[in-house]
Amino acid sequence: MKKIFISALSAVTVMSVSVPSCAIAAEKPETSAKASVLISADTGEIICSENFSEMLPMASTTKIMTTLLCLESGGLYDEFTVDSDAIHVEGSSMGLVDGDIVTKYALCVGMLLPSGNDAANATAVKLAGSQEKFAEMMNDKAAELGLSHTHFVTPSGLEGEGHKSSAYDMAMLAREALKNEVFRSICSSESMAVEFGDPPYKRWLKNTNKLLSMYDGVYGVKTGFTDEAGRCLVSACERDGIDLICVTLNDRNDWDDHMALYDFGFETAKTMDITIPDSYTARLAGSDKTSLKLTAEADSLPVTTLSEDGSEFSFEVIAPPFVYAPVAEGDEVAELRLNYKGREVERIPLFAAENAEYSTVPEKSGISLKNIIEKLIGKT
């Protein structure tokens with residue numbers, strides 16, 4: 001029987017994990033990568049790896065972080081003029097020139113598809129005022145995500161002193177970025193039309209990720225190459241409900257190595273249906289009732305895992321200190337978080353399973369407005 005733990009949360013903790021180089025006693029494919037890792041996109045479990053924690057240059061896979069920060073900054077379709085100094089940079093480009101009018105969305109497409117260094121630098125200046133300040137934002141986000149073997153110096157991935165990450169950190173960064181629907185939509189496209197210029201006009205940008213058309217089920221993520229880093233590739237693939245992320249760093253044979261690792265992963269990992277308990281309760285204020293019954297629409301959650309019995313999974317309710325009446329049956333009032341060893345796998349909404357009318361005498365419920373205020377400020 002699966003262990004189920006229910007508790008209220010006010011914050012989410014990101015946890016790191018260490019595992020053997022191969023999660024099962026089966027033969028894994030040999031690769032030419034200096035470092036590699038294959039993980040469950042759902043749980044972050046390592047399926048197989050080689051030097052997964054070694055810090056190495058990661059070239060333009062850096063743009064996963066730059067794009068994620070850009071998407072999270074909002075105002076994706078507001079037009080602005082690119083910084084002229086920022087776009088004068090060597091290497092791959094989306095084709096920006098002085099005076100071009102762009103949107104953040106267009107820059108994200110320019111980073112993820114043609115791997116534009118000009119787009120990455122323009123993003124950095126737009127969001128932080130300078131590339132140096134933006135690197136601070138990148139490292140703050142890395143710390144927030146628990147990426148302990150990562151240090152960013154440039155927004156594009158061009159060499160900078162100490163600009164490095166690990167295969168596992170890059171896989172976990174991709175896992176986080178792919179939760180963003182816009183990010184996933186862009187990186188899974190072989191080509192996209194965007195508008196930019198002076199004045200803006202439509203043009204097509206092509207994805208450098210050939211794996212999208214080489215292997216069934218691939219839906220991202222990002223290529224990279226510099227002389228120092230070699231060929232780097234972060235990809236994601238889903239088949240029959242099994243969802244995997246693969247990273248290789250400094251790999252001259254990355255396309256074939258990713259396909260071989262996925263072949264191994266789809267034979268090794270499995271999907272497990274994690275049963276959702278029938279009901280929950282939340283504390284209720286402003287009603288004659290003191291608690292509110294909650295329910296989830298789904299009966300179970302399918303998860304890609306190596307787990308044998310599901311004992312590593314737990315549930316937690318994410319809810320405010322009190323739900324305030326009136327509440328109608330079917331109202332979304334909380335979330336249910338599925339964890340694997342403390343790390344978030346997925347969140348689903350929880351709905352009121354009953355009506356709760358507003359009471360003009362909330363003290364009857366034993367929870368008055370005075371009680372609530374005192375609890376919130378820590379008085380007894």
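**Notes on a predicted model: a helix pair, a five-stranded sheet and some local backbone features**

1. In this predicted model, helices α1 and α6 pack against each other with their axes 10 Å apart and at an angle of about 25 degrees. Because angles under 35 degrees count as roughly parallel, α1 is described as roughly parallel to α6. The crossing of these two helices, α1 and α6, is left-handed.

2. Which residues make the contact between α1 and α6? On the side of α1 they are Ile-64, Met-65 and Leu-68, and these meet Met-170, Leu-173, Ala-174, Glu-176 and Ala-177 in α6. Sorted by character, the residues of this contact of α1 with α6 comprise seven that are nonpolar, none that is polar and one that is charged.

3. Helix α6, which spans residues 167-177, also lies across strands β2 (35-40), β3, β9 and β10 (242-249), and it runs at about 35 degrees to β2. A reader following α6 through the model will therefore meet it in two settings, since α6 packs with α1 and lies across these strands as well.

4. The strands just named belong to an open sheet of five, whose order is β3-β2-β10-β9-β8 and whose pairing is antiparallel. At its edges stand β3 (46-50) and β8 (218-226), each of which pairs on one side only. From one strand to the next, the twist averages 5 degrees. As general background, the strands of a sheet pair through backbone hydrogen bonds, and they may do so in parallel or antiparallel fashion.

5. How many bridges join the edge strand β8 to β9? There are eight, and the two strands run antiparallel, with β9 covering residues 230-239. Within this pairing, Gly-220 stands opposite Ala-236 of β9. Gly-220 deserves a second look, as a cis peptide bond with an omega of about 15 degrees joins it to Val-221, and Val-221 lies in strand β8.

6. A cis peptide bond is also found between Ala-325 and Pro-326, where omega is about 5 degrees. Pro-326 is placed in the loop between β16 (323-324) and β17 (332-340). For a reader checking the backbone, it helps to recall that most peptide bonds are trans and that most residues other than glycine have a negative phi.

7. Two residues can be listed for a positive phi. Asn-51 is not a glycine, yet its phi is positive at about 55 degrees; this residue sits in the loop between β3 and α1 (63-72). Is Asn-51 buried, exposed or partly exposed, and what is its relative accessible area? Asn-51 is partly exposed, with a relative accessible area of 40%. Lys-341, likewise a residue other than glycine, has a positive phi near 50 degrees, and its position is in the loop between β17 and β18 (343-352).

8. The last point concerns Glu-190, which is found in the loop between α7 (181-187) and β6 (191-197). With a relative accessibility of 46%, Glu-190 counts as partly exposed. Leaving aside residues up to four places away in sequence, Glu-190 touches Leu-205, Lys-206, Asn-207, Leu-212 and Ser-213. Glu-190 and Leu-113 are separated by 77 residues in sequence, while their C-alpha atoms are 7.6 Å apart in space.

Notes:
Residues are numbered from 1 along each chain as its sequence is written. This is a predicted model: local features need pLDDT of at least 70, side-chain atom pairs count only at pLDDT 80 or more; totals for chains, interfaces and linings use all residues. Side-chain values use heavy atoms; hydrogens and water are left out. Two strands pair if DSSP finds at least two bridges between them. Helices (H or I, at least four residues) and strands (E, at least two) are DSSP runs, numbered from the N terminus. Axes are lines fitted to C-alpha atoms, for helices over the stretch in contact, and angles run from 0 to 180 degrees between N-to-C directions. Contact means heavy atoms within 4.5 Å. Buried means under 20% relative accessible area, exposed over 50%, partly exposed in between (1.4 Å probe, protein chains only). Angles under 35 degrees count as roughly parallel, over 145 as roughly antiparallel, 65 to 115 as roughly perpendicular and the rest as oblique. A crossing is left-handed if the near helix is turned anticlockwise from the far one by less than a right angle, and right-handed if clockwise. Ala, Val, Leu, Ile, Met, Phe, Trp, Tyr, Cys and Pro count as nonpolar, Asp, Glu, Lys and Arg as charged, and the others, Gly among them, as polar.
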